[in-house]
Amino acid sequence: MDQRVERIYKAADHIKALISGKTPLAGIVLGSGLGKLADRIEDPVTIPYSDIPGFPVSTAIGHKGNFIFGKLGGKEVIAMQGRFHYYEGYPMELVTIGVRVMKCLGARYLFVSNAAGACNPEYKVGDLIIIRDHINMMPNPLVGPNMDEFGPRFPDMTCAYDIKLQALAESLCPECGIPVKKGVYFGSTGPTYETPAEIRFYHAVGADLVGMSTVPEVIVARHCGMKVFGMSVVTNLANFLNVEKNLNDGDDVVKQADLASEKMTELMSRMIATLD
Ligand code: HPA
C-alpha cells in the first residue's frame with residue numbers, strides 16, 4: 001500500500017480504538033488562539049498528537065497538539081487543537097494529515113478557522129469573516145501520485161466553501177452577535193508577514209484576508225468530498241504603508257483571536273446542531 005495512505009490509516013485506527021469506533025459528523029480545525037472551542041466539547045476524549053503513531057507535533061505559537069472528540073451542538077465532532085503549517089517545515093502530506101484522518105473516522109464536514117490579516121480596508125481587528133473563496137499561493141498538497149483511495153486526480157474547486165453552510169452561517173450570525181462579512185482568503189507560505197507592496201497586490205487581485213494556513217486543508221477536504229466551512233478572525237490590519245507603527249507581532253495575533261473565539265464557538269456549535 002502507498003506509505004502515505006498507510007500512515008493515515010494507522011493514525012485513524014489509533015483514534016478509532018480510543019473513541020470506541022464512534023463516528024464524528026464534523027471535523028474542526030482550530031487556528032491560532034482559537035483552541036478555546038475545544039473547552040465547549042462535552043464528554044471530551046483528548047488524544048495527544050504525540051501518542052499517535054506517525055503523527056507530527058505542532059510547534060506554532062498558540063497551538064496545542066491534541067485531537068478532542070466529543071459533543072458540540074449535540075452532535076459528535078472531532079477537533080484538532082493545533083494544526084501544522086507549511087512554514088514549520090512539514091511537507092504538505094503532513095500539513096494535511098489530520099483532515100484525511102478525520103475523513104477516515106467518518107467526518108462529512110470540515111470546519112476550519114484561522115487568524116488572518118485584513119487586506120480589505122473595511123475590516124476591523126476582531127472581525128469574524130466567513131470565507132467564501134481562496135487564492136492558493138502555497139504549493140498544492142495534491143501534487144504527487146494521486147491518493148485514489150481519497151479522491152480524483154483533478155478535483156473541482158468551484159464551490160470549495162460550501163454554499164449552503166455559508167448561508168446557514170449568515171442566518172445564525174445575528175443571534176451570535178456577529179455582523180455578517182464574507183471574504184476571500186489569500187494563502188501564503190509565510191513565515192514572513194507581507195510587505196506593503198504585497199498587500200496592495202493581494203488586495204488588487206481580490207483578496208480580503210491573508211494568512212499562512214487553511215488552504216492546504218481545504219484542498220485536501222474537497223479532494224475527499226468533505227463539505228467545508230471556513231472562518232477567519234481578523235487579528236491585524238495588513239500594512240498598506242511602510243510605517244513603523246504598523247509592525248506585526250505574533251503575540252498580538254494570538255490575543256485578538258482569543259477574544260473572538262467565544263463568538264465563533266457559539267456560531268459553529270449552532271451550525272453543527274442543525275446538521276445531519
Ligand atoms: N499575514 C499573514 N498571516 C497572518 C497575518 C498577517 O497579517 N495575521 C495573522 N496571520
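This dialogue walks through the ligand site, the cores and some backbone features of a predicted model.

Trainee: What should I know before reading this model?

Mentor: It is a predicted model, where local features need pLDDT of at least 70, side-chain atom pairs count only at pLDDT 80 or more, and totals for chains, interfaces and linings use all residues. Residues are numbered from 1 along each chain as its sequence is written, and side-chain values use heavy atoms, with hydrogens and water left out.

Trainee: Which residues come nearest to the ligand?

Mentor: A residue is near a molecule if one of its heavy atoms lies within 4 Å of it. Eleven residues surround the ligand here, and Ala115, Gly117, Glu194, Gly211 and Asn236 come nearest.

Trainee: Where do polar atoms meet the ligand's nitrogen atoms?

Mentor: A polar contact is a pair of N or O atoms within 3.5 Å; within protein, one must be able to donate a hydrogen and the other to accept it, and residues adjacent in sequence count only if both atoms are side-chain atoms. Alanine 115 places a backbone N or O atom 3.4 Å from a ligand nitrogen atom. Glutamate 194 has a side-chain N or O atom 2.8 Å from a ligand nitrogen. For asparagine 236, a polar side-chain atom lies 2.6 Å from a nitrogen atom of the ligand.

Trainee: How much of the ligand does the protein cover?

Mentor: Accessible areas come from the Shrake-Rupley method with a 1.4 Å probe; for residues, only the protein chains shown count as cover. On its own the ligand has 260 Å² of accessible area, and the protein covers 96% of that.

Trainee: Which elements give two or more residues to the shell around the ligand?

Mentor: Helices (H or I, at least four residues) and strands (E, at least two) are DSSP runs, numbered from the N terminus. Strand 5 (109-118), strand 8 (209-211) and strand 9 qualify. Strand 5 gives the most, with three residues.

Trainee: Is asparagine 236 buried or exposed?

Mentor: Buried means under 20% relative accessible area, exposed over 50%, partly exposed in between (1.4 Å probe, protein chains only). Asparagine 236 has 12%, so it is buried. Its place is in strand 9 (residues 227-237). Its side chain also makes a polar contact of 2.9 Å with that of threonine 235.

Trainee: How many residues are in the largest nonpolar core?

Mentor: A nonpolar core is a set of buried Ala, Val, Leu, Ile, Met, Phe, Trp, Tyr and Cys residues joined through side-chain atoms within 4.5 Å. The largest has 50 residues, and Ile15, Phe55, Phe67, Val101 and Leu110 have the most contacts inside it. Apart from it lies another core, of 34 residues, including Leu30 and Phe111.

Trainee: Why is helix 3 called largely enclosed?

Mentor: Six of the eight residues of helix 3 (residues 97-104) are buried, so the rest of the structure largely encloses it. Among those buried are Ile97, Arg100 and Val101. Glycine 106 follows helix 3, with a positive phi near 110 degrees.

Trainee: Which residues other than glycine have a positive phi?

Mentor: Take two cases. Aspartate 43 has phi near 45 degrees. Aspartate 43 sits in strand 2 (residues 42-48) and is exposed, at 64% relative accessible area. Threonine 214 has phi near 70 degrees. Threonine 214 lies in the loop between strand 8 and helix 6 (215-223) and is buried, at 0%.

Trainee: Where is a cis peptide bond?

Mentor: Such a bond joins glycine 190 and proline 191, with omega about 0 degrees. Proline 191 belongs to the loop between strand 7 (182-187) and helix 5 (196-204).
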